[in-house]
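Pull up the model and turn it around for a minute before reading on. We'll take a walk through it, one piece at a time.

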Amino acid sequence: MNKLFVILPCYNEEKDIKNLVEKWMDIDGQIKSVGYEMTVYCINDCSKDNTHEVINGLCKSYPQKVILIDHEVNKGLGGVLSTGFNLFNNEGTSGDLCVLMDGDNTHDPVYALSMFEKIKDGYDCVIASRYCEASKVKGVPSVRLFLSWGARLYYSAMLNVKNVKDYTCGYRMYSYEIISRALKEYGDSFVENRSFACMMEVLFKLSRIGAKFAEVPFELRYDHKEGESKMKIAKTVKESLKTAFMLRINK
């Protein structure tokens, strides 16, 4: 049976990570029914709250199903992606899949089931997109919605990745083959940006090595999030504009 690596970035997620992991456990049987053995890897990026302790408790409740990985220093989202992708590449094999999503309980694992179908159709990366016809967004502040809309237009113009509308959503499924190829091609420079801008960096770099992308609709539930947002909006906007520009001119 092939393996599904679920990678959950965690920074100060003591209020949300337990609910999210338990949602994954609820669909474990459905994941097995489509041919995958699931393991959830919680990557604790040097949290300052009780995230470590909460995940430790989950590891005891679900032995061998939930695994804690602690960063000794804070590496940002990009550093978590690097840890997750290298883990996937080193411990996975052909036919395995990786799902990466936010650790704040705003993404429902159930949408991974529709992602499997796209992977079977030959796509390398499947994105849970806010911009499909059937997608919904609940609880997101209006300023964030406006910035997301503007970012979509900017990234589409600058990067123009085929079949991609949502460049920044962290909820994605990747094939083992495309991540292995990316790490061979880029090495340690696959994920260079440490901010939220790393999400579009990964998409663009995968597109440069021939990845095929698809999107599935989902419901973003920001109202399910109990912890504080970690995104510094002004810094993220600046980093994202700069990163897209540099990727475009250096492609």
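What follows goes from a strand to a loop residue and then to two pairs of helices.

Keep in mind as you look that this is a predicted model. A good place to start is strand E1, which covers residues 2-10. Is E1 mostly enclosed or mostly open to the outside, and why? Seven of its nine residues are buried, so the rest of the structure largely encloses the strand.

Now look at what E1 pairs with. One partner is strand E2, residues 36-44, and the two run in the parallel sense, joined by nine bridges. If you want a spot to zoom in on, find Leu 8, whose bridge partner in E2 is Cys 42. E1 also pairs with strand E4, residues 97-100; this pairing is parallel too, with four bridges. Here the residue to find is Ile 7, which has Leu 100 of E4 as its bridge partner. So Leu 8 bridges to E2, while Ile 7 bridges to E4. As for the side chains, in a regular strand they alternate between the two faces of the sheet.

From E4, carry on along the chain into the loop that leads to helix H5 (112-120), and you'll come across Asn 105. Sitting in a loop doesn't put Asn 105 on the outside: its relative accessible area is 4%, and since anything under 20% counts as buried, Asn 105 is buried. Which side chain does it make a polar contact with? That would be Lys 23, with the two side chains 3.0 Å apart at this contact. Setting aside neighbours within four places in sequence, Asn 105 touches Asp 16, Asn 19, Leu 20 and Lys 23, and also Arg 221 and His 224.

On to the helices. Helix H1 (residues 17-26) packs against helix H3 (residues 51-61), with 10 Å between their axes and an angle of about 25°. Angles under 35 degrees count as roughly parallel, so that is how H1 lies relative to H3. The crossing of H1 past H3 is right-handed. On the H1 side, the residues that meet H3 are Ile 17, Lys 18 and Val 21; on the H3 side they are Val 54, Ile 55 and Leu 58.

The other pair is helix H4 (residues 76-91) with helix H8 (residues 198-208), where the axes are 9 Å apart and the angle is about 45°. That angle makes H4 oblique to H8. H4 brings Leu 77, Gly 78, Leu 81 and Phe 85 to the contact, and H8 brings Cys 198, Met 199 and Val 202.

Definitions and conventions
Residues numbered from 1 in each chain as written. Predicted model: local features only at pLDDT ≥ 70, side-chain atom pairs only at ≥ 80, totals over all residues. Heavy atoms only, no water. Buried < 20%, exposed > 50% of the residue type's maximum accessible area, 1.4 Å probe, protein only. Pairing = 2+ DSSP bridges. Polar contact = N/O pair within 3.5 Å; in protein donor to acceptor, adjacent residues only side chain to side chain. Contact = heavy atoms within 4.5 Å. Axes fitted to C-alpha atoms, helices over the stretch in contact; angles between N-to-C directions. Parallel < 35°, antiparallel > 145°, perpendicular 65-115°, else oblique. Left-handed = near helix turned anticlockwise from the far one by under 90°.
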